[in-house]
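Student: I should like to go through this structure with you, beginning at its surface. May we take it step by step?

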Amino acid sequence: MQIDKLRGKTLDQLFESILSLQNVEECYEFFDDLATMNEVQSLAQRLEVARMLRDGFTYHKIETETGASTATISRVKRCLNYGNDAYTKALDRVHEKRTE
C-alpha cells in the first residue's frame with residue numbers, strides 16, 4: 001500500500017478520529033473544520049467516480065456528471081482494478097445500509 005509510507009501516530013490519530021464520528025452531521029462538522037471545501041469535494045468526487053465506474057458508466061458520462069478529469073477517472077479506475085478493494089468495500093457497505 002502506498003499509504004504505508006505515511007503510517008504512524010499522526011495518521012492513526014486521524015483515522016481513529018474519523019472512526020469515532022457517530023453520524024453524518026458529525027462528519028460534516030469534522031470535515032468542515034479539518035479540510036477545505038475543495039479537498040472535501042475532491043474526495044467525494046473520487047468516490048462518486050468509483051461508483052459510476054463500477055456501475056459501468058463511460059468516461060465521457062462520468063466526466064460530464066462529476067466534472068472529474070480523465071486523469072482522476074483513470075486513477076480511480078486503477079485503484080478499482082489493482083488497489084486494496086477499499087472503494088468497493090465502502091460502496092457496498094453504504095449501499096447495504098441504505099437498502100436496510
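**Surface patches and overall fold**

Tutor: In this predicted model, Met1, Ile3, Leu6 and Phe15 together form a nonpolar patch on the surface, with an area of about 410 Å².

Student: Is Leu6 buried or exposed?

Tutor: Leu6 lies in the segment that precedes helix 1 (9-20). The term exposed applies over 50% relative accessible area. Leu6 has a relative accessible area of 59%, and therefore it counts as exposed.

Student: Which residues gather in a patch of negative charge on the surface?

Tutor: One member of that patch, Asp33, is placed in helix 2. Because its relative accessible area is 70%, Asp33 is exposed. The residues that gather in the negative patch are Glu25, Glu29, Asp32 and Asp33.

Student: Where do the charges of the chain lie on average, and how many Å apart are the mean positions of the positive and negative ones?

Tutor: The chain carries 14 positive and 17 negative charges. Taking the mean position of each set, the separation between the two is 8 Å.

Student: Why does Cys27 count as partly exposed?

Tutor: Cys27 sits in helix 2, which covers residues 24-34. Buried requires under 20% relative accessible area and exposed requires over 50%, with partly exposed in between. Cys27 falls in that middle class because its relative accessibility is 27%.

Student: What separates the C-alpha atoms of Cys27 and Asp85?

Tutor: Along the chain, Cys27 and Asp85 are 58 residues apart. In space, their C-alpha atoms are separated by 23 Å.

Student: Which pattern does the chain follow when read along the sequence?

Tutor: The chain contains six helices and zero strands. Written in sequence order, the pattern is α-α-α-α-α-α.

Student: What percentage of the residues is buried?

Tutor: The C-alpha atoms fill a box of roughly 40 × 35 × 25 Å along the principal axes. The chain has 100 residues, and the buried share of them is 15%.

Student: What share of the contacts with a separation of 6 or more comes from residues 24 or more positions apart?

Tutor: A contact here requires heavy atoms within 4.5 Å. Among contacts in the chain with a separation of 6 or more, the share from residues 24 or more positions apart is 35%.

Student: What percentage of the accessible surface belongs to carbon and sulfur atoms?

Tutor: The accessible surface of the chain amounts to about 8200 Å². Of this area, the part belonging to carbon and sulfur atoms is 51%.

Methods:
Residues numbered from 1 in each chain as written. Predicted model: local features only at pLDDT ≥ 70, side-chain atom pairs only at ≥ 80, totals over all residues. Heavy atoms only, no water. Patch = residues over 30% accessible without salt bridge, like charges linked within 9 Å, V, L, I, M, F, W, Y side chains within 5 Å. Areas by Shrake-Rupley, 256 points an atom, 1.4 Å probe, with all protein chains shown as cover. Salt bridge = Lys/Arg side-chain N within 4 Å of Asp/Glu carboxyl O. Helix = DSSP H or I, 4+ residues; strand = E, 2+ residues; numbered from the N terminus. Buried < 20%, exposed > 50% of the residue type's maximum accessible area, 1.4 Å probe, protein only. Lys, Arg positive; Asp, Glu negative; His and termini not counted. Charge placed at Lys NZ, Arg CZ, Asp CG, Glu CD.
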